[in-house]
Amino acid sequence: MEGKNVSTSSNLYLQTPLLQSTCLSNRFGYNVYLKLENVQPAGSFKIRGIGNRCKKAAEKGYTHIVSSSGGNAGLAAAYAARQLQIPATVVVPETTPEFMRNKIKEEGASVIVKGKVWDEANSYAINLTKKPGHFLVHPFDHEDIWDGHSTMVHEIAASLPRKPSVVVLSVGGGGLLSGVLRGLHHVGWNDVSVVGMETEGANCLAASIQAGRLVTIPAITSIAKCLGAQRACEEAYNWTTRHKLISYVVQDKDAINACLNFADDHQMLVQPACGAALSAVYSNVLPKLKDEGKLEELTDVVVIVCGGSGVSLAKLQEWKDIVGIVD
């Protein structure tokens, strides 16, 4: 299979800002740094790992990208395929909003709706790769994905004046977590604590940690559908014994409240999946973890603002009403 001539020096992702949030730092009493992955092409961190995987597929001669996604990974795959000038098919579950499906189509990809949850969409996508030249890009479970996501940590290390006391991120299937932990070890920050935030009803990693083995949760009941893998990848679970990882689960209301406050504070819209990470600050999770002795220090906090394109003012208002937030 003859590979496509893809420049290895050109990345499909942007080096994103690391913003010290003055308002959050002053309000909560510790330095809050925001890694703004929401400004990436296609709106989320996903383009780092997905783009890396797609580039490697093109270099190997594959001619059609196949993705399964609750939205953001599919959008990243569609964007990457368009940049690489190869066609893409994205399989999404029924829960993916119409406007998100349209965004994927605008990138030139074909969209197939299959299944009630991501796992069912992924099974269908796997069958599509039986066609010649078709290549499946998993949303979160591959070395190339984790290597791509790890690049954000190198950028953080180049921007911060000193090592952070903690990195906070959202956990879905575990791709972001695996990539960030890989990056932390690359730059020698092996002792930096990581807080992995999930919402109740999309907490597959927390359920696995509690069970002492990888488990599959029965259904995704959280509003944060982009955290909606019913089972975390094995790599993410294995990191729980190799690094200081604190798993914490919040309610949908906390995640939506964080989205609303973040919009007020920084004039940016993010999805509830991203709100889960931001709620570690807005819902005072981090001081609680320090008081419990789970965090040794709380001085410099990096929050991965993972982003997400499946949000609008109307959707944010809808979620606000569902969880019962009253002005």
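**Exercise 1.** Which residue with a positive phi follows α11?

*Solution.* The model is a predicted one. In this model, N284 follows α11, and the phi of N284 is positive, near 55°.

**Exercise 2.** Determine how many residues of helix α11 (residues 272-282) are buried, and state what follows for the helix.

*Solution.*
- Step 1. A residue counts as buried when its relative accessible area is under 20%.
- Step 2. The residues of α11 that are buried are P272, A273, C274, G275, A276, A277, L278, S279, A280, V281 and Y282.
- Step 3. Because 11 of the 11 residues are buried, α11 is largely enclosed by the rest of the structure.

**Exercise 3.** Describe how helix α2 (residues 46-59) and helix α3 (residues 72-84) are arranged and which residues join them.

*Solution.*
- Step 1. Two packed helices are described by the angle and the distance between their axes.
- Step 2. Here the axes come within 9 Å and cross at roughly 45°. Therefore α2 is oblique to α3.
- Step 3. The crossing in which α2 passes α3 is right-handed.
- Step 4. On the α2 side, the contact is made by K46, I47, I50, G51, C54, K55 and A58. On the α3 side, N72, A73, A76, A77, Y79, A80 and L84 take part.
- Step 5. Sorted by class, this contact of α2 with α3 comprises 10 nonpolar, 2 polar and 2 charged residues.

**Exercise 4.** Carry out the same analysis for α3 and helix α4 (residues 98-106).

*Solution.*
- Step 1. The axes of α3 and α4 come within 8 Å and cross at roughly 15°.
- Step 2. Angles under 35 degrees count as roughly parallel, and α3 and α4 are therefore roughly parallel to each other.
- Step 3. α3 passes α4 in a left-handed crossing.
- Step 4. From α3, the residues N72, G74, L75 and A78 meet M100, K103 and I104 of α4.
- Step 5. The contact of α3 with α4 consists of 4 nonpolar, 2 polar and 1 charged residues.

**Exercise 5.** Establish the surroundings of strand β10 (residues 300-305) and identify strands that pair with β10.

*Solution.*
- Step 1. In a regular strand, side chains alternate between the two faces of the sheet.
- Step 2. In β10, D300, V302 and I304 point one way, while V301, V303 and V305 point the other way. All of these residues are buried.
- Step 3. Since 6 of the 6 residues are buried, β10 is largely enclosed by the rest of the structure.
- Step 4. Strand β2 (residues 31-36) runs parallel to β10 and is joined to β10 by 6 bridges. The bridge partner of L36 in β10 is V305.
- Step 5. Strand β7 (residues 166-170) also pairs with β10 in the parallel sense, over 3 bridges. V167 stands opposite V302 in β10.

How values were computed
Residues numbered from 1 in each chain as written. Predicted model: local features only at pLDDT ≥ 70, side-chain atom pairs only at ≥ 80, totals over all residues. Heavy atoms only, no water. Axes fitted to C-alpha atoms, helices over the stretch in contact; angles between N-to-C directions. Helix = DSSP H or I, 4+ residues; strand = E, 2+ residues; numbered from the N terminus. Parallel < 35°, antiparallel > 145°, perpendicular 65-115°, else oblique. Left-handed = near helix turned anticlockwise from the far one by under 90°. Contact = heavy atoms within 4.5 Å. Nonpolar A, V, L, I, M, F, W, Y, C, P; charged D, E, K, R; others polar. Buried < 20%, exposed > 50% of the residue type's maximum accessible area, 1.4 Å probe, protein only. Pairing = 2+ DSSP bridges.
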